[in-house]
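Please open the structure in your viewer and keep the sequence panel beside it. The tour goes from the whole chain to one strand and its partners.

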Amino acid sequence: MTKFTTADQIAARIPDGAVVAIPGNASILVVDHLLQAIERRFLKEGHPRGLTAYLPCTASLGPGTGLDRLAHEGCLKRIIAGSYPIYQGSPIVELVASGKVEAYNLPMGILYALLRETAAGRDGVLTEVGLGTFVDPRQGGGRLNAATTEELVELVQFQGRERLFYRAIPIDVALLKATSADANGNLSMEQEPQTLGARAMAMAARASGGMVFAQVTRESGPAGLHARSVVVPSNLVDQVVLAPEAPQSGASLHDPSITGETRVPLDVERMPVGPERIILMRAAQHIRPGWFVNVGVGIGIDLARLLHQAKSQGAIMLSTEHGAMNGLPMHQPTFGAHKNPEVIIDPTDMFDMYDGGLLDATFLGMAEADELGNINVSRFGGRLMGCGGFIDITSRTKNLFFCGLLAAAGANVSVEEGRLRIHREGRIKKLVKRAQQITLNGPAALKKGQSVTLITERGLFRLTERGWILHEVAPGVDPARDIAPMMEFELQVARDLREYEAPVLTEAGSDAWLREKIGVEAVQG
């Protein structure tokens with residue numbers, strides 16, 4: 001008996017009040033064909049209504065797609081998500097802001113872990129991840145508006161230590177996207193750049209007595225699928241719908257270089273000398289051979305580009321939290337995918353490595369850093385971004401590097417003859433008295449023995465028990481003139497203040513200099 005059906009027939013089976021697990025990472029693995037059918041049914045019949053959307057990450061091919069398709073008043077009761085749409089005017093974010101839907105923002109790695117705990121019939125996740133941040137019940141428990149009252153996170157004492165307990169959440173419906181399905185309903189993902197917890201989602205739904213539906217690009221031939229290529233076995237899958245025109249991501253119908261199917265020459269364009277390159281050149285000096293490194297969305301992602309330019313990319317194992325390692329990480333809308341990945345694993349496994357403290361360093365962005373050393377990347381300036389994997393990544397990583405411009409919104413900074421010139425200041429200060437939301441608790445990180453460094457185009461700060469201390473400045477920068485006025489708290493300067501070394505701000509000889517700093521020989525590839 002075939003499991004293939006239509007999207008409308010699948011939409012008709014989703015009951016009111018269901019908890020629906022939805023995959024996706026930006027524009028990757030978006031089940032837009034299925035979500036469009038659910039929207040179509042709701043607009044016609046008013047059902048299904050009162051749904052809870054469970055998303056470890058955001059899912060959208062652009063405005064009006066992905067989760068936005070459920071942004072009709074009454075369709076959604078609650079959203080539990082690791083991140084939210086990043087574009088302005090998202091109807092989902094507007095529902096949250098207006099209090100017309102309950103909304104939580106929880107760490108992405110925790111949301112993946114909860115799927116596995118639900119699948120195994122366990123009660124939830126007991127962890128230190130999130131302590132002292134906005135997901136701690138003492139700081140709101142991840143609740144995003146006044147309409148959201150139920151506590152999903154509990155502060156507990158375990159063996160004499162504080163921990164957070166995240167309660168397992170039963171899944172009524174799991175929606176999956178895959179490349180191929182055979183006649184039995186086995187699913188493979190050979191043309192997808194990530195797997196995004198697909199098996200855990202299906203297992204969680206099945207263990208909860210729920211249903212699993214998949215959107216696939218093609219049906220396999222009579223020979224079926226290679227056993228080792230199956231990501232989700234057929235006993236976990238109820239029905240499958242063909243969607244051959246569905247894109248691989250918002251950037252491509254199918255790019256085999258980001259799935260491991262093929263490798264392409266990496267023609268990496270050199271970064272021009274400017275503020276972003278200054279930040280990354282100074283950050284790259286900290287890398288040591290053999291390190292396991294994470295890079296985040298924003299400036300940090302181009303660290304890989306800089307290493308390729310310097311022919312030192314083989315010095316480290318570079319990863320993004322969605323499962324890819326090495327190669328060249330991509331920007332939005334395919335962040336998390338890598339050109340020529342060396343390895344692709346499931347994010348459930350990647351977050352286990354991160355939570356286990358295996359990361360040597362992470363290079364992340366920052367929207368705000370406050371006087372106490374707290375970092376905010378999740379909610380600021382009226383924008384709801386969500387924490388994504390940030391809280392998981394920073395929980396036990398030994399060396400935390402936050403990379404960003406000192407001022408936002410209109411700053412005009414250039415490099416002239418090896419010196420930094422500030423032509424116009426930004427309108428928004430990023431070093432603030434108090435962060436609007438705490439995504440990293442700086443004092444708690446210091447107590448755990450983590451090293452916390454903030455790198456801007458104008459200077460490098462280290463976090464101490466006294467707060468941020470300025471240790472280095474770019475040539476041409478006067479701390480009193482160019483840094484202190486852009487801070488909402490007092491500037492503290494180290495006695496041995498130094499300048500960034502010349503190659504940080506120049507092109508000539510910078511590749512060999514960076515290799516020497518890292519301690520590697522030039523490599524090809």
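What follows is a list of things to select, with a note on what is there.

This is a predicted model, in which local features need pLDDT of at least 70, side-chain atom pairs count only at pLDDT 80 or more, and totals for chains, interfaces and linings use all residues. Residues are numbered from 1 along each chain as its sequence is written, and side-chain values use heavy atoms, with hydrogens and water left out.

Begin with the whole protein chain, whose secondary structure comes to 12 helices and 34 strands (DSSP runs, numbered from the N terminus: helices are H or I of at least four residues, strands are E of at least two). Of its 525 residues, 60% count as buried, where buried means under 20% relative accessible area with a 1.4 Å probe, protein chains only.

Next, select residues 173–181, which form strand S9: 9 of the 9 residues are buried, so the strand is largely enclosed by the rest of the structure.

Now add the strands that pair with S9, bearing in mind that two strands pair if DSSP finds at least two bridges between them.

- Select residues 19–21, strand S2, which pairs with S9 in the parallel sense over 2 bridges; here valine 20 stands opposite valine 173.
- Select residues 211–219, strand S11, which pairs with S9 in the parallel sense over 8 bridges, with arginine 218 as the bridge partner of serine 180.
- Select residues 187–188, strand S10, which runs antiparallel to S9 and is joined to it by 2 bridges, with serine 188 as the bridge partner of serine 180.

Finally, select glycine 185, which lies in the turn of the hairpin formed by S9 and S10, with 5 residues between the two strands, and which has a positive phi of about 105 degrees.

Definitions and conventions:
Buried < 20%, exposed > 50% of the residue type's maximum accessible area, 1.4 Å probe, protein only.
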